Amino acid sequence: MSDGIAEVFNSFQDHLNNEQELREEIRNNVKEIEKISRDIVMTLQNIHNEHTEENIIVAQYCSKSRELFEGVRKHYEKLAAIVPHDQYYRYHDQWKSVTQRLCFLASLVVYLEVKVLVTKETVAEILGLKHKREDGFHLDLEDFLMGLLQLSSELSRFAVNSVTNGDYHRPMEIAHFVNELNAGFRLLNLKNDSLRKRFDALKYDVKKIEEVVYDLSIRGLKPDAAAAGAQEPSGVEKSTSVEEDK
């Protein structure tokens, strides 16, 4: 083999080695993020415990989750530093799944705290990511939307468990919120296969919650309209823009 050919292929090997090292470094950071996300999941699962009061949910579980998000931000900062600025989507698959889960968890925390639909900008801030693509290492719009769709499933479960625990007001709040979430998604022309499939599951979440409300109604346990209306969520966060950029 001539020296010229050997030099060319040696340069190829150097490139492959550097690529492997970068992927390994990304993988290690993602593993740490996944570990923290599991801790947040375990913390928020406590909302389903029997007789969990509103002030306990916010003071203990939401506060603890926000503390854990601090660790998430640090590892996303490390990812932002090691991933080349123009190659975000080349490696995106490595952190896509955990980011979607964290979007769900962040949206759940905000809902439990203030009963509103979180914006993409707020979730990006919680995770320590940029809001817009042109700003660098950002929160992908589809990841955010997948997180919101996961939220509906968790809230349908929360509605059922709330009734089991004797709380008949919370299912009314959840029904109102999830119906508005469903109406919002119906405004989108979803062409992404995974998003579309997950959105199709949203109607089953809506149906499940409606069945809970109906069951309360026929049993005479549904709170009166004035009491339920006073606790209805107010919609989307008002402090941030809803304009999104993938």
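A salt bridge is a side-chain nitrogen of Lys or Arg lying within 4 Å of a carboxyl oxygen of Asp or Glu, and in this predicted model the count by that rule comes to 13 salt bridges.

**View 1. A salt bridge between Lys115 and Glu54.** The side chains of Lys115 and Glu54 meet in a salt bridge, with a distance of 2.4 Å from N to O. This pair links distant parts of the chain, since Lys115 sits in the loop between α4 (93–114) and β1 (116–117), while Glu54 belongs to helix α2 (residues 54–82), 61 residues apart. Lys115 is buried, its relative accessible area being 12%, whereas Glu54 counts as partly exposed at 33% relative accessibility.

**View 2. A salt bridge within helix α2, between Arg73 and Glu70.** The closest N and O atoms of Arg73 and Glu70 are 2.4 Å apart, and both residues lie in helix α2, three residues apart, which is about one turn of the helix. Arg73 has a relative accessible area of 19% and is therefore buried, because buried means under 20%. Glu70, with a relative accessible area of 40%, is partly exposed.

**View 3. A salt bridge within helix α6, between Glu154 and Arg157.** Here the closest N and O atoms of Glu154 and Arg157 are 3.7 Å apart, and the two residues are separated by about one helical turn because they stand three residues apart in helix α6 (residues 141–164). Glu154 is buried, with a relative accessible area of 12%, and Arg157 counts as partly exposed at 33% relative accessibility.

**View 4. A network of salt bridges.** Glu54, Lys115, Asp167 and Arg170 are joined into one network by salt bridges that share partners.

Note on methods:
Residues are numbered from 1 along each chain as its sequence is written. This is a predicted model: local features need pLDDT of at least 70, side-chain atom pairs count only at pLDDT 80 or more; totals for chains, interfaces and linings use all residues. Side-chain values use heavy atoms; hydrogens and water are left out. Helices (H or I, at least four residues) and strands (E, at least two) are DSSP runs, numbered from the N terminus. Buried means under 20% relative accessible area, exposed over 50%, partly exposed in between (1.4 Å probe, protein chains only).
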